[in-house]
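User: Could you walk me through this one, starting with how one helix sits among its neighbours?

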Amino acid sequence: MGIVAGLDSSSGSTRIIVCDADTGAVLRQGYAMHPVEAKATEVDPQAWLLSLGEAAGGGLLEGVEAIGVSAQQHGLVPLDQSGNLVRPAMLGNDKRAQVAAADLIDALGGRQAWAEAVGSVPQSGQPLAKLRWLARNEPEAARRTVMILQPHDWLVWQLLGRPARRTTDRGAASGSGFWSARTGAYRPDLMELALGHQAALPEVLGPAEAAGTTPEGLLISAGTGETMAAAFGLGVGIGDAVVSLGASGSVMTVHHEALADPSGMITSFADATGMHLPVVHTLNAVRALRGTAELLGTEDLEELSALALKSTPGASGLVFLPYLEGEKTPQLPHTAGTLTGLRRESMKPEHLARAAFEGMLCSLADAMDVVRGRGVEVRRVFLLGAAAGLPAVQTCAPGIFGAQVVVPEPADYAALGAARQAAWALGVSKNTLSPHSPPEWRGAAAQIFEPGEEAAVGAAVRQQYTAAREQIHPGAFSPAPGA
């Protein structure tokens, strides 16, 4: 059918993958860092274009017929009447809007009201909370803001030559705080509640729709946020969960409908295919392993993993609740980590190492149970992040999660997902693909681990962990009063 490209503009760099539109085979790749500080909380979006141009150099896009755009989520790009920036774009890692988010929760009547309205409770990273912060702290900039875009929306608009029509997709829109994944519609009243006045919002395109065509004839697909693009690139579907092992952790599942969660533990995103992505976050994942490694004096996580495998399942009764930074799931923001089961025979380095791995995975299994408890099926778990390659993780995870565990080979899955979306839009434009069925690309190369005989052992480890958690934090997963 042709050649397509996927562009992922993340928080620090641009990656471009050029693929065969029929098979998904990667033909060539490009990469460039953004010319800004990696930890910047606001930036001139022109930096994204400079990075894009560098990544696409050397004829990388020669022969490409369509491009899909993935970009960092939760950024706010406020524009004035002429389509110019009102101020630098505010990025997702900007936490200045924490008070603004709390104000918005109260303004609508609490967490449950927000969960029912848009499927998520306001958080500092969302564009909605950033708008509230802008109205309170930079009122003149807020007054001049008449159009609101997110990073992927702005990039698509620029690639198309800044047409009068601005677009987004349901995936990116679902992270805004003023679009409901359940109803598929904006809540402009909530945007006005934050900003203080009405502003134009981009048109939400369907998964296989094109945003437009460049003056050179290059088709640009709808694009989406990084999370949604990565899920599409991995090829996950109903029955799959994606567990991300970073300093903090997350569990993302695929479901046929949006989930409203009054507790706020579930964030209800839409995906890039017409389905939904309920996501549950934890504040502590690999940071618990690194803390344990420092305590034990091991050189790195590989050495900690080897040490943990000298222990046995259950770590000789040692249980580590890894709430080192407080915790979001369960909602224990002011708590600390706990180590229980200390006996003379359990006070050995290998047992503490094993307890750290089991504690991290049991905490993520708790997060998975939040969505399982709402009827979401999980038969297969994709593990992402560098820690997914540790033998101790691969040994413990299948039994603790009670499911097949898939560890994909490292790849630029967000860029790959953007390319697959481009192939879909291109196929629909040529009448070779249905708007209801994306192209069938080969799945990610991966290692697969089955729970097998270890399922009962993993269940026992979970039971030991749950008993300790309930003793220390009774009713932690019970509905909050007044939720």
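User: What do the buried residues of H4 pack against?

Analyst: They pack against strands S7 (89–90) and S8 (147–149) and against helices H2 (98–108), H3 (111–118), H5 (139–144) and H8 (188–195), where contact means heavy atoms within 4.5 Å. Helices (H or I, at least four residues) and strands (E, at least two) are DSSP runs, numbered from the N terminus. This is a predicted model, in which local features need pLDDT of at least 70, side-chain atom pairs count only at pLDDT 80 or more, and totals for chains, interfaces and linings use all residues. Residues are numbered from 1 along each chain as its sequence is written, and side-chain values use heavy atoms, leaving out hydrogens and water.

User: How many residues of H4 are buried?

Analyst: In H4, residues 127–137, 9 of the 11 are buried, meaning under 20% relative accessible area with a 1.4 Å probe, protein chains only. Among them are Pro127, Lys130, Arg132 and Trp133.

User: Switching to the sheet, what's the strand order?

Analyst: An open sheet of 7 strands runs S18-S19-S17-S16-S22-S23-S24 with mixed pairing, two strands being paired if DSSP finds at least two bridges between them. S18 (266–270) and S24 are at the edges with a single partner strand each, so one side of each lacks a neighbour in the sheet.

User: And how do S16 and S22 run, parallel or antiparallel?

Analyst: S16 (residues 239–245) and S22 run parallel and are joined by 6 bridges, and Gly239 has Val378 of S22 as its bridge partner.

User: Which helix packs on that sheet?

Analyst: Helix H12 (residues 349–372) does, touching S16, S17 (249–253), S18, S19 (276–282) and S22.

Definitions and conventions:
Buried means under 20% relative accessible area, exposed over 50%, partly exposed in between (1.4 Å probe, protein chains only). Axes are lines fitted to C-alpha atoms, for helices over the stretch in contact, and angles run from 0 to 180 degrees between N-to-C directions.
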